[in-house]
Amino acid sequence: MTTTSRWERLQEQLDPVGTVLLTVECQEGVVGRDSALPELAAEARSSGALRNVARLVAAAHEADVQVLHAVAERRPDGRGANSNARLFRAAARLPVQQHSGSAAVRIAEPIEVADQDLVVRRLHGLSPLAGTDVDPLLRNLGCRTLVVTGVSANVAVPNAVFDAVNLGYTVVVPSDAIAGVPADYTPAMIRHTLALVSTVATTEEVLGCWKRPRRVTRA
């Protein structure tokens with residue numbers, strides 16, 4: 001595919017009318033200063049991924065692209081939470097808990113949440129989509145393309161991509177707006193897995209598509 005045709009295809013995919021930007025677990029208790037997962041938080045910040053998520057969110061607001069924030073949390077009593085994998089059991093023992101209503105489940109700086117943004121919170125599982133309100137909300141919004149950002153490239157991001165593809169959405173992954181650990185795992189995941197099922201772009205490319213959006217009046 002030539003550079004021109006690739007760019008035209010990306011512009012078509014990212015038409016603001018049918019696009020939703022999803023941030024995955026970009027919450028204080030995961031990527032914030034007092035994270036339960038300091039290695040992941042440090043990588044999200046030092047790599048520039050969190051800053052790029054914030055840039056994409058700001059641009060989406062300007063371009064009238066719907067933003068949806070997916071937050072993982074649990075009740076203080078753990079009711080309804082998974083315990084069927086080592087990851088869940090380890091998370092339950094961490095010093096910082098993603099308790100509903102706590103500072104840990106607030107969207108992390110420097111991401112700005114606008115009044116029109118949607119926030120979907122889940123108490124179970126690994127995926128922002130499976131068993132949550134995300135899919136019906138996307139369908140009601142007329143979403144055709146889902147832009148997936150956030151953490152982690154190890155678990156939640158690929159889960160979101162796979163589930164979105166299985167549900168029939170086109171997925172765009174800004175490669176510099178996701179993070180995982182160790183640092184070299186993210187590009188490997190993108191190259192060998194996510195690139196097979198999604199369109200991989202950069203933050204700058206996505207921003208370029210939204211810089212001069214085609215304004216279409218929504219019903």
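**Cysteines and salt bridges in a predicted model**

The sulfur of Cys-143 lies 15 Å from the closest cysteine sulfur, which belongs to Cys-209, and this is too far for a bond. The model discussed here is predicted, and the structure as it stands holds 0 disulfides. Seen from the other side, Cys-209 likewise takes part in no disulfide, the nearest cysteine sulfur being that of Cys-143 at 15 Å. A disulfide is a covalent bond between the sulfur atoms of two cysteines, and the cut-off used for such a pair is 2.5 Å. As to their surroundings, Cys-143 counts as buried because its relative accessibility is 9%, and Cys-209 counts as buried because its relative accessibility is 8%, the limit for this class being under 20%.

From the cysteines we turn to the charged side chains, where a search of the whole structure finds 7 salt bridges. One of these is formed by Glu-205 and Arg-6, whose closest N and O atoms are 2.8 Å apart. This pair links distant parts of the chain, since Glu-205 sits in helix α9 (residues 203-211) and Arg-6 in helix α1 (residues 3-13), with their positions 199 residues apart in the numbering. Glu-205 is partly exposed, at 21% relative accessibility, and Arg-6 is also partly exposed, at 29% relative accessibility.

Another salt bridge is that of Arg-121 with Glu-73, in which the closest N and O atoms are 3.2 Å apart. Arg-121 belongs to strand β3 (residues 118-122), while Glu-73 is found in the loop between β2 (66-72) and α5 (86-91), and the pair therefore ties together parts that are 48 residues apart in sequence. Which partner is buried, and which is partly exposed? Arg-121, with a relative accessible area of 43%, is partly exposed, whereas Glu-73, at 12% relative accessibility, counts as buried.

A further contact brings in Asp-77 and Arg-79, whose side chains meet in a salt bridge with an N to O distance of 3.6 Å. This bridge does not stand alone, for salt bridges that share partners join Arg-75, Asp-77 and Arg-79 into one network. Within that network, Asp-77 is partly exposed, with a relative accessible area of 45%, whereas Arg-79 is exposed, because its relative accessible area is 59% and the class begins over 50%.

How values were computed:
Residues numbered from 1 in each chain as written. Predicted model: local features only at pLDDT ≥ 70, side-chain atom pairs only at ≥ 80, totals over all residues. Heavy atoms only, no water. Buried < 20%, exposed > 50% of the residue type's maximum accessible area, 1.4 Å probe, protein only. Salt bridge = Lys/Arg side-chain N within 4 Å of Asp/Glu carboxyl O. Helix = DSSP H or I, 4+ residues; strand = E, 2+ residues; numbered from the N terminus.
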